[in-house]
Amino acid sequence: MYKVKPTEYWELYKNGVDHHNNTKMYTEDEQCYDFYYGDHWKGAKLGNEKPPVLNFIKPIGKYKVAMIAQNYMDVVFSDMNGNYPEITEMMSKSAATNWEVNKMDSYIWDIIKKAYITGDCYLYSFAELGPGINAKAKLKYRVIDRTNVYFSDEQNPDINSQEWVILSEGRKPVAKLREIAKTNGLKEEDVKKIVADTTDETDLKENSSNEVKTPLGKCTSIIFMRKTSNGVEFCRSTEQVIYEPMQTIKGLDIYPLVGYRWEDLINNARGLSGVKYLIPTQIEVNSISFRRALATKKYAYPIMAYDGQAVTDVSGLDQPNARIKINNLAGNPVKSLIDYISPQSQSPDAAKLQDEYISLTQTLEGAGDAALGQIDPTQASGEAIRAAKDQAAIPLNEQISSYKQLREDIAYMDYKMKVAYSPDGLEVRYEDNGETVSEVIPQEVLQSLDLAIRIDVSPIDPYSKLAQETALERLMTAGNITFEEYVNLLDTSSTVPKAKLEQVIKSRVPEEVNPEMTGGLEDATNEMQFQEMY
């Protein structure tokens, strides 16, 4: 029962909280985080014992996340009608530039890792408006844990068909929210209704008892969003006060929210965690290890036994060069008074079972030794290693496909947000021959674009680079390309020092010498020196 009257949006939020509690989302997600990071004995009453932790969940997760996130993808815009090829080319270049400027790779790694741990994760985009009437909107991003996302229909995986979406912003300082409320013109009596609360179950690893104490404290803030015929409208609310009134992002016909599910569940908006069903096996592995450790401490070392009536001074029994006082030593040899119980051998079955659990789990998860990187690159070619890794990545094809869709969704969301916040035309900026170019696409052109987004994928892991560089070296050795062409074809991030080789090429040809007259000798000399270097 509420002691105060909540806002209508807070009522919807509390319904979502009830759903998450009924599905045990908060407790299960917190357990998944604990087991991923190694807190496996949480709540166990073991006295002074410090049990071992053999965490195989984390390396499996790191491998899987890396296999997905290391797929380099280029976003390519194309007009289905083919009327504006120059514009879509500019947009593609701008998308690549924005990706680098906003350091989106860090967001991607975070999203995929959290989706592996809990099942799904989300990226929220919002506009930060600069000062001035004609200020341009700058897009910002925030990774949202799935426990802070509430859908109107939890059985519908399509975000944009939801009637409404609520995001919990976590716990915010009351003083800050009151300032925002005053800026938005709320009455003083309403501003004072923004008060501290202790709603803790919705924020994983965060609760009011751990907060730094302030005069006014903190409270939970939510964002309510819904789609209308004019665009997406949103507001912000605490339990009793809508401190940021409803606003509309005109022309925006999608939610500024994209999600990534680790594995789809039927008739469910959420994904399946990669950690959840590994936890029972992890518990058993740790339990076997703990029992083995206890047995080793108890039985794997000699145990001293002595005659308590005959040996009167036992303080020095475990000390080197100690003197021991014994009654009636003449009638009783020391061996009969002090002896040792021999260590007992342990059955190897426990160790075998433990190793089998770990090895079999890694194999079933598609993360065996080869996949985890236990390969000697000096004993195999780049192509062979790449082929082995591609084979190992087959179980992750579904996740890689979802990642590709995520990249496409982010590009489409960015485009829609920029168009909505650019009524006078969309400004695109991109790099062209080392210079920053800025162009404005008129609004009427944007409205006539039948936009399609294509994703080009090319791998950038070390073994892929090695395979590419080996292929180029073979072409040069066979005489199909020159040394200069070889250097020019190398990627900037190549393991071969491209910049240094370019300096070598530049220093070898004096300006007064005609390159056409010395081309053959120069190519042969360059190839010979390159082979000496590598």
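**Exercise 1. Two sides of a helix**

Task: In this predicted model, which residues of H16 are exposed, and which are buried?

Solution: Begin with the exposed side, where you will find Lys-500, Gln-503, Lys-506 and Ser-507. Next, look at the other side of H16, which spans residues 498-508. Its buried residues are Lys-498, Leu-501 and Ile-505. Finally, take a view down the axis of H16: the buried residues fall within an arc of 65 degrees, so they line one face of the helix.

**Exercise 2. Reading a sheet**

Task: In what order do the strands of the open sheet run, and which stand at its edges?

Solution: Start with the order, E4-E5-E6-E7-E8, a set of five strands with antiparallel pairing. Now check the partners: strand E4 (149-151) and strand E8 (244-250) each have a single partner strand, so one side of each is left without a neighbour in the sheet. These two are therefore the edge strands. From one strand to the next, the twist averages 20 degrees.

To see one pairing in detail, turn to E7, residues 231-237, which is joined to E8 by five bridges in the antiparallel sense. Here Phe-234 stands opposite Gln-247 of E8.

**Exercise 3. The largest pocket**

Task: How much space lies in the largest pocket, and which element gives the most residues to its lining?

Solution: First, the volume: the largest pocket holds about 1,200 Å³ of space. Then the lining, which is made up of 47 residues; those closest to the centre of the pocket are Ser-94, Thr-97, Asn-98, Asn-102 and Lys-418. Sort the lining by element next. Two or more residues come from each of strand E1 (71-79), helix H4 (85-101), helix H5 (104-118), strand E3 (137-145), helix H12 (397-420) and strand E12 (426-432). The biggest share belongs to H4, with eleven residues. Last, sort by chemistry: the lining has 25 nonpolar, ten polar and twelve charged residues.

**Exercise 4. Positive phi in two loops**

Task: Where do Lys-103 and Asn-267 lie, and why do they count as exposed?

Solution: Take Lys-103 first. Its phi is near 50 degrees, a positive value in a residue other than glycine. Lys-103 sits in the loop between H4 and H5. Its relative accessibility is 59%, and the cut-off for exposed is over 50%, so Lys-103 counts as exposed.

Now repeat the steps for Asn-267. This residue is not a glycine, yet has a positive phi of about 50 degrees. Asn-267 is found in the loop between strand E9 (257-261) and helix H8 (279-299). With 58% relative accessibility, Asn-267 therefore counts as exposed.

Terms used:
Residues are numbered from 1 along each chain as its sequence is written. This is a predicted model: local features need pLDDT of at least 70, side-chain atom pairs count only at pLDDT 80 or more; totals for chains, interfaces and linings use all residues. Side-chain values use heavy atoms; hydrogens and water are left out. Buried means under 20% relative accessible area, exposed over 50%, partly exposed in between (1.4 Å probe, protein chains only). Helices (H or I, at least four residues) and strands (E, at least two) are DSSP runs, numbered from the N terminus. The arc is that of the directions from the helix axis to the C-beta atoms. Two strands pair if DSSP finds at least two bridges between them. Axes are lines fitted to C-alpha atoms, for helices over the stretch in contact, and angles run from 0 to 180 degrees between N-to-C directions. On a 1 Å grid over the protein atoms alone, a cavity is a set of points where a 1.4 Å probe fits but cannot get out, and a pocket is an open set with protein on both sides within 12 Å along at least five of seven lines; lining residues have an atom within 4 Å of a point. Grid points are joined across faces, edges and corners, and a volume is the space filled by probe spheres set on the points. Ala, Val, Leu, Ile, Met, Phe, Trp, Tyr, Cys and Pro count as nonpolar, Asp, Glu, Lys and Arg as charged, and the others, Gly among them, as polar.
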